[in-house]
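Dear colleague,

Please find below the structure that I am handing over to you. My findings follow directly after it, and I would be grateful if you read them with the structure open beside you.

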Amino acid sequence: MSKARTIRFTEQIDALVDEYTNKNGLKLNQLVNIAVKKFISEPNAIELEPVDAKDSEWEAKMKKAFSKHRKAMDELS
C-alpha cells in the first residue's frame, strides 16, 4: 500500500526535476521512488584506506594538525 507524502524542492532542483521527468517520461512519484530506493540501498559513505603509521608525510601532517588544533584536542581529552 502506498502512502502520500509531501516534498518541497528548491526552485533550481524543481526545474531540473521537471526537465528530467519530461525528458524520460516519468511521473514525479516514480522518480522519487527510484531515487530514494537507490540512495538507501547503495553505500553513501566515503571509504577510507588505512595509512601506514610509519609514513613520514603522515607524521608531519598529524603533528601540524595537532599543533594547529591543540586547544580542541585538549578539550576532547
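Pro50 is found in the loop between helix 2 and helix 3. Please keep in mind throughout that this is a predicted model. With a relative accessible area of 81%, Pro50 counts as exposed, because exposed residues are those over 50%. Between the C-alpha atoms of Pro50 and Asp18 there is a separation of 43 Å, and the two residues are 32 positions apart along the chain.

A second pair of residues may be described in a similar way. Asn24 belongs to helix 1, which covers residues 11–24. Its relative accessibility is 40%, so Asn24 is classed as partly exposed. From Asn24 to Met62 the distance is 49 Å, C-alpha to C-alpha, with their positions 38 residues apart in sequence.

Helix 3 deserves a closer look. How many salt bridges does the model contain by the rule applied here? The count is 1. Lys61 and Glu57 form a salt bridge, and their closest N and O atoms lie 3.2 Å apart. Both residues sit in helix 3 (residues 56–68), where a spacing of 4 residues corresponds to about one turn of the helix. Is each partner buried or exposed? Lys61 is exposed, at a relative accessible area of 55%. Glu57, at 46% relative accessibility, is partly exposed, because that value falls between the limits of 20% and 50%.

I turn next to the surface. A nonpolar patch there is made up of Ile7, Phe9, Ile13 and Leu28, which together have about 330 Å² of accessible area. One of these residues, Leu28, is part of helix 2, which spans residues 28–41. Leu28 has a relative accessibility of 40% and is therefore counted as partly exposed.

Leu28 also appears in the lining of the largest pocket, as does Ile7. Which other residues line this pocket? They are Ser2, Lys3, Arg5, Thr6, Asn29, Val32, Asn33 and Val36. By type, the lining consists of 4 nonpolar, 4 polar and 2 charged residues. The space within the largest pocket comes to about 290 Å³.

When you go through the structure, I suggest that you begin with Leu28, since this residue belongs both to the nonpolar patch and to the pocket lining.

Yours sincerely

Conventions:
Residues are numbered from 1 along each chain as its sequence is written. This is a predicted model: local features need pLDDT of at least 70, side-chain atom pairs count only at pLDDT 80 or more; totals for chains, interfaces and linings use all residues. Side-chain values use heavy atoms; hydrogens and water are left out. On a 1 Å grid over the protein atoms alone, a cavity is a set of points where a 1.4 Å probe fits but cannot get out, and a pocket is an open set with protein on both sides within 12 Å along at least five of seven lines; lining residues have an atom within 4 Å of a point. Grid points are joined across faces, edges and corners, and a volume is the space filled by probe spheres set on the points. Ala, Val, Leu, Ile, Met, Phe, Trp, Tyr, Cys and Pro count as nonpolar, Asp, Glu, Lys and Arg as charged, and the others, Gly among them, as polar. Patches are made of residues with over 30% relative accessible area and no salt bridge: like charges are joined within 9 Å, nonpolar side chains (Val, Leu, Ile, Met, Phe, Trp, Tyr) within 5 Å. Accessible areas come from the Shrake-Rupley method with a 1.4 Å probe; for residues, only the protein chains shown count as cover. A salt bridge is a side-chain nitrogen of Lys or Arg within 4 Å of a carboxyl oxygen of Asp or Glu. Helices (H or I, at least four residues) and strands (E, at least two) are DSSP runs, numbered from the N terminus. Buried means under 20% relative accessible area, exposed over 50%, partly exposed in between (1.4 Å probe, protein chains only).
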